[in-house]
Amino acid sequence: ANNQTKQVSFLDTQGVAARKVYGRTVGWLSSDSQPINVQSQIAFSSSRDGGLGDALPAGTVRFYQRDRAGNPQFIGENGIGHTPMGSALALKTGEAFDVKVKTTVIERKRLSATRWQTSMRYELTNARDGAVTVDLMQSGLDFGWTDTRIVTESAKSERRSSNAVVWAVPVPANGSAEVTATSETRY
């Protein structure tokens with residue numbers, strides 16, 4: 001009718017391979033006074049091999065999981081921007097109260113007029129009965145006028161973009177893990 005709106009589903013896809021992950025993105029030079037909860041995320045790919053095989057328009061993505069009776073249950077939603085086919089996504093569905101990360105800037109020193117060295121420590125804790133892997137992302141490595149590189153690290157990272165690196169950190173059940181990294185920034 002006149003002035004009426006109706007919301008319709010643009011893309012209804014089932015059977016897309018997805019996995020539950022835990023993640024935290026740390027901003028440049030962030031230090032936490034207290035441990036911060038990691039995000040519960042659903043990770044999937046928009047690639048053809050991943051089961052979706054299509055670009056995604058900007059909008060809301062809703063996730064459902066079947067319960068024991070086989071009925072779909074809503075488990076969370078998140079907004080996305082326009083996403084090309086073949087993109088890897090990890091969308092937040094909530095926070096894990098029992099998995100936390102505390103980030104500390106250990107030392108930051110000037111090496112020259114155009115170079116700085118920064119040492120970071122990331123302390124991860126897991127109060128769950130099972131082991132988890134946390135995707136720990138350090139962002140803020142590229143401001144357009146800088147060049148930041150990890151020069152030493154206690155675990156191998158993966159460079160996701162010019163602006164971020166990710167460590168996949170295994171954290172044992174009812175235990176903890178630590179990652180340290182030193183970077184150099186050139187201006």
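This report describes one pocket and the nonpolar cores of a predicted model. Residues are numbered from 1 along each chain as its sequence is written, and side-chain values use heavy atoms, with hydrogens and water left out. Local features need pLDDT of at least 70 and side-chain atom pairs count only at pLDDT 80 or more, whereas totals for chains, interfaces and linings use all residues.

The largest nonpolar core (buried Ala, Val, Leu, Ile, Met, Phe, Trp, Tyr and Cys residues joined through side-chain atoms within 4.5 Å, buried being under 20% relative accessible area with a 1.4 Å probe and protein chains only) has 20 residues, and Y122, L124, V134, L136, W167 and V169 have the most contacts inside it. At least two residues of this core come from each of β1, β5, β6 (115-126), β7, β10 (164-171) and β11 (175-186), strands being DSSP runs of E of at least two residues, numbered from the N terminus; β10 gives the largest share, four residues. Beyond its neighbours within four places in sequence, W167 is in contact (heavy atoms within 4.5 Å) with residues including Y122, V134, L136, V179 and A181.

The second largest pocket is an open set of points on a 1 Å grid over the protein atoms alone, where a 1.4 Å probe fits, with protein on both sides within 12 Å along at least five of seven lines; its lining residues have an atom within 4 Å of a point. Its volume, the space filled by probe spheres set on the points, is about 400 Å³. Of its 17 lining residues, Q41, L89, A90, D135 and R160 are the closest to its centre, and β1 supplies the largest share of the lining, five residues.

| Class of lining residue | Number |
|---|---|
| Nonpolar (Ala, Val, Leu, Ile, Met, Phe, Trp, Tyr, Cys, Pro) | eight residues |
| Polar (the others, Gly among them) | four residues |
| Charged (Asp, Glu, Lys, Arg) | five residues |

Conventions
Buried < 20%, exposed > 50% of the residue type's maximum accessible area, 1.4 Å probe, protein only.
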